[in-house]
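Visitor: I would like to understand this model step by step, with the reasoning spelled out. Could you take me through it?

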Amino acid sequence: MIGFWRRRRRAIVCREAVALMTAYLEDTLSGADRRRLEAHLADCPHCMEYLAQLRITIDALGHIDVADLPDAALDDLIALYRRWRDD
Amino acid sequence: MDDDAQLVDRLRAGDERAFVELVRRYQPRLLRLAEMTVGNRAVAEEACQETWLAVVRGVDRFEGRSTFKTWLFRILLNRARTSARREQSPARVDSGDAVERFDEHGAWAEPPTAWSDRVDDRIVAERLAGRVRELLPALPEQQRQVVALRDVEGLAPAEVSALLGISDGNQRVLLHRGRARLRERLSAELGGDR
C-alpha cells in the first residue's frame, strides 16, 4: 500500500510532462523529475510525439540560414563609418 | 585571423579595416536577427545601420565585460525595439499562456496529431526552416527574442538571460512558450498534410 502511494505521488500527468520538457531538453531537471518525465514518456505516445515535434521545431530554427553580405551593403556601411569619422 | 577583442582594440584606434572585418563577420547574423525581431527587411536594415553607428560611437565605453557579439546584439535589440515602435508592428499572435489543452485530470484533451515520423532532415532544411522564419515575427516580443537568440543564434542560456536582463527561469519559460507556439503552428500545417 505504501509502495502504491509512493508510485502515485511520483507519477506525473501530461500537462506536467509538457511543462517539464524545455528543462529536460536543457538538461536542467533534477534527477527525480527527469526519471518521472522519462517514465511518463515511456507510457504516453502523445507526449512522446509532442517531444519529437518540439525537437523538430528546434531543429528547424537551427536551420534558418544567413544571407551573404552583398558588396553594396558592405559599401553602404563603410560609407556610414567614413561619414561618422569625418564628422 | 584576429579575434574580436583585437579587432575592437583596432577599431578604438580608428582602424577602418577592423570595422570592415567586424562588419563582414557579424552583419549577416545581425541582419538575420533584426529581420526575425522586427519582421520587416527595410526596418531591419535601418536598425543594423544604427547599431553599427552606435558601435563606432560607443566603442570607447565598451569594457569587454561581455563579448563583442553579445554587446552588438544588445544594441541591435534596443534599436529594433525603437524602430518597431516607430513603424507598423507585425501582426501578433495573442499572448495567452498555454497553447495546449488538457482535461481536468491533466491528460491531453486533444492529443497532438502525429506527424513527426513523416519529417526527415531534408524537409526540416528545405521547408520547415523557412516556415519558422516566417512565423517567428508573429510571436510576442520577449518570446521572439529568446527563441531567436537561443535556437537560431545558438547563444547559451546564461548569455541570453544577461543580454535581455531576465532571470534564467524567466528565460526558460519564454523559450518554452515560444517553441510551443511555433510547434503548434507547424502542427496546424503538417498535421492535416496527409
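Guide: Please keep in mind that this is a predicted model. We can begin with a helix of chain B, α1(B), which covers residues 4–12.

Visitor: On which side or sides of α1(B) do the buried residues Leu7(B), Val8(B) and Leu11(B) lie?

Guide: A residue counts as buried if 20 or more other C-beta atoms lie within 10 Å of its own, and in α1(B) this holds for Leu7(B), Val8(B) and Leu11(B). Because these residues cover an arc of only 100 degrees around the axis, they are placed on the same side of α1(B).

Visitor: Which residues are exposed on the other side of α1(B)?

Guide: A residue is exposed if 12 or fewer other C-beta atoms lie within 10 Å of its own. On the other side of α1(B), the exposed residues are Ala5(B) and Gln6(B).

Visitor: How many residues does domain 2 of chain B give to the contact with domain 1 of chain B?

Guide: Chain B is divided into domain 1, residues 4–86, and domain 2, residues 116–190, and their C-alpha centres lie 22 Å apart. Domain 1 of chain B gives ten residues to the contact, while the number from domain 2 of chain B is twelve.

Visitor: Which element gives the largest share of the side of chain A that touches chain B?

Guide: The contact between the chains takes 34 residues from chain A and 42 residues from chain B. On the side of chain A, the elements that give two or more residues are α2, α4 and α5 of chain A. The largest share, 13 residues, comes from α4(A).

Definitions and conventions
Residues are numbered from 1 along each chain as its sequence is written. Chains are lettered from A and ligands numbered from 1 in the order in which they are written. This is a predicted model: local features need pLDDT of at least 70, side-chain atom pairs count only at pLDDT 80 or more; totals for chains, interfaces and linings use all residues. Two residues are in contact if their C-beta atoms, placed from the backbone, lie within 7 Å. Helices (H or I, at least four residues) and strands (E, at least two) are DSSP runs, numbered from the N terminus. The arc is that of the directions from the helix axis to the C-beta atoms. Domain bounds come from an automatic or database domain assignment.
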